[in-house]
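Visitor: I would be grateful for a close look at a single part of this model, namely the sheet together with what packs against it and what lies around it. Please treat it as one connected account.

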Amino acid sequence: MLLHNYFCFKPFLFSRRMGLLQFLKSQFLCHLIICYVFLVSGLIVNLIQICTLPLWLVSKQLARKINIRLAYCIASQMVAALEWWSGTECTLYTDPKSYPLYGKENAIVVLNHSFEIDFLCGWTFCERFGVLGSSKVLAKKELAYVPVIGWMWYFLEIVFCKRKWEEDRTTVAQSLQKLRDYPENYWFLLYCEGTRFTPKKHQFSMQIAESKGLPKLKYHLLPRTKGFYVTVQNLRGTAAAIYDSTLNFRNNEVPTLLGILNGKKYHADLYVRRIPLESVPEDEAECAAWLHKLYQEKDGFQEQYAQTGRFPGPMVSPPRRPWSLINWLFWSCVVLYPLGLLIAQLLSSGSVLTIAAAVVVCSAVSVGIRWMIGQTEIDKSSNYGIKPAALNNN
Ligand SMILES: CC/C=C\C/C=C\C/C=C\C/C=C\C/C=C\C/C=C\CCC(=O)SCCNC(=O)CCNC(=O)[C@H](O)C(C)(C)COP(=O)(O)OP(=O)(O)OC[C@H]1O[C@@H](n2cnc3c(N)ncnc32)[C@H](O)[C@@H]1OP(=O)(O)O
Ligand SMILES: CCCCCCCCCCCCCCCCCC(=O)OC[C@@H](O)COP(=O)(O)O
């Protein structure tokens, strides 16, 4: 019961209308198994990643390629939860001429930051275009300490920022420079809004827009331009294009990671415009103005979505691939078999103390996973964007 409460699941009554599969998907035991597989396999992968450290000295490119595959083992489990467990559908609106280039070039992705699972939908598109293991992001430093994902990112050369420009201006540029000779195609994700959308942050950022004489945005926070400028400047000649991406969900749904774990099916729509990198101005002020204009256009696309339920342009649904599921099944076999043996041994031992110790460990793991899921929740979002930078409590 205690474990159940940690996951805040709604009280559940089996109704005839609900299929057996849906019933199973809502069961705490299933969630526990999925989370156990994710956590234990993730920690094993983290350990293997540490073992690749000496290889970096001998062959950096080989070490990177191995780490791309190891990162895939972790990230694709979350993608499998979205596309195979919850059955969430992902539709792409894009120009058919750009479509063949996706996954075949390095690109900087500019995405709105309004949903708890926007990063997971991003990952799902990465998976479908074959760049999941190598995908990158400009992430807040706090995420580097999240077990499994944050630790994996260290080996993937993810670019971290403190969201304090005085400190970030050199570290971010240095990290970006290192990506210039990356051996495989990657998408570099940039949430220019810098934090997740909340009404309070929106109100605050629109005051800033007003003070700068910029038009107000209805669906976005005012974009931060410095990270965008430094990314474009440092990846010029390496990244071919900006993928201006605007995400929304059908039926005004508010998707969550807990919803995905509960097997809830959502429908994501992503509008992507491919903009050649050469068309982004080199001058800093012009580049900032270019980004502000981009966000005004993005706001227009969201308005159109709100009015009509669709984005401009033709629709395609890039097919889901079996690899994320195969990867999950592989890791399940690896980590569930020893667990089964351990449980059988525990029960046959009949020792109350050992069984109590197992329950305590199990509860601790549940609390740990619940904390990790909490990192994705908007109501636990930082104060960034509602206070002067000096007072930020990230
Ligand atoms: C075909 C398919 C296509 C696409 C598929 C989609 C996606 C897939 C791609 C890849 C997937 C990869 C990975 C995904 C996995 C996981 C990702 C998960 C999470 C990570 C996300 C984060 O951590 S977001 C937070 C960190 N990132 C950022 O903050 C980036 C943006 N920020 C910046 O660029 C900042 O400039 C900075 C961080 C570099 C520096 O921060 P600082 O606070 O010092 O900022 P500034 O100096 O810029 O701030 C002051 C200026 O900002 C103006 N402003 C606007 N609003 C405010 C406000 N509310 N408060 C204060 N100031 C504000 C202000 O006026 C200043 O303006 P100036 O004109 O003076 O610059
Ligand atoms: C297989 C499925 C297993 C499911 C259970 C496992 C749960 C693991 C959860 C791992 C979470 C990792 C966090 C990565 C991404 C968080 C993205 C995010 O949205 O970060 C917020 C920042 O952008 C801005 O921060 P704020 O200033 O809004 O604060």
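**The sheet and its surroundings**

Guide: Helix α12 lies across β2, β6 and β7 (267–276), and runs at about 30 degrees to β6. This is a predicted model, and the account below moves from that helix to the sheet, and then to the two ligands.

The sheet crossed by α12 is best read through its strand order. Eight strands form an open sheet with mixed pairing, in the order β4-β3-β5-β2-β6-β7-β1-β8. At its edges stand β4 (159–161) and β8 (315–316); each has a single partner strand, so one side of each is left without a neighbour in the sheet.

Consider the β8 end. Strand β1 pairs with β8 in the antiparallel sense over two bridges, and L92 has V316 of β8 as its bridge partner. Towards β7 the pairing of β1 is parallel, and six bridges join the two strands. In that pairing T94 stands opposite V272 in β7. The side chains of β1 (residues 89–94) alternate along the strand. C90, L92 and T94 point to one face and are buried, whereas E89, T91 and Y93 point to the other face and are not buried. L92 and T94 thus appear both in the bridge pairs, L92 with V316 and T94 with V272, and on the buried face of β1.

Towards the β4 end, β3 and β5 pair in the parallel sense over two bridges. Here V137 is placed opposite L189 of β5. Helix α8 lies across β3 and β4, and its direction is at about 175 degrees to that of β4.

Helix α12 also has a helical neighbour. The axes of α10 (residues 226–235) and α12 (residues 284–308) come within 9 Å and cross at roughly 115 degrees. The crossing of α10 past α12 is right-handed. On the α10 side the contact is made by F228, Y229 and V232, and on the α12 side by E284, C287, A288 and L291. By class, this contact has six nonpolar residues, one charged residue and no polar residues.

Several of these elements recur around ligand 1. Of the 39 residues around that ligand, G122, W165, G194, K226 and G227 come nearest. Elements giving two or more residues to this shell include the strands β2 (107–111), β3 (136–140), β5 (187–190) and β6 (241–249). Among the helices that do so are α6 (118–128), α8 (165–178), α9 (199–211) and α10. The largest share, five residues, comes from α6. By class, the shell around ligand 1 comprises 25 nonpolar, eight polar and six charged residues.

The surroundings of ligand 2 may be set beside this. Of the 23 residues around ligand 2, those that come nearest are A81, T195, R196, S381 and S382. Two or more residues of the shell are given by each of α3 (28–51), α5 (60–85) and α14 (352–374). The shell has 15 nonpolar, six polar and two charged residues by class.

Helix α3 also contains Y36. That residue is partly exposed, with 18 other C-beta atoms within 10 Å. Y36 and F330 are 294 residues apart in sequence, and their C-alpha atoms are 14 Å apart in space.

Conventions. Residues are numbered from 1 along each chain as its sequence is written. Chains are lettered from A and ligands numbered from 1 in the order in which they are written. This is a predicted model: local features need pLDDT of at least 70, side-chain atom pairs count only at pLDDT 80 or more; totals for chains, interfaces and linings use all residues. Axes are lines fitted to C-alpha atoms, for helices over the stretch in contact, and angles run from 0 to 180 degrees between N-to-C directions. Helices (H or I, at least four residues) and strands (E, at least two) are DSSP runs, numbered from the N terminus. A crossing is left-handed if the near helix is turned anticlockwise from the far one by less than a right angle, and right-handed if clockwise. Two residues are in contact if their C-beta atoms, placed from the backbone, lie within 7 Å. Ala, Val, Leu, Ile, Met, Phe, Trp, Tyr, Cys and Pro count as nonpolar, Asp, Glu, Lys and Arg as charged, and the others, Gly among them, as polar. A residue is near a molecule or strand if its C-beta atom, placed from the backbone, lies within 6 Å of it. Two strands pair if DSSP finds at least two bridges between them. A residue is buried if 20 or more other C-beta atoms lie within 10 Å of its own, exposed if 12 or fewer, and partly exposed in between; C-beta atoms are placed from the backbone.
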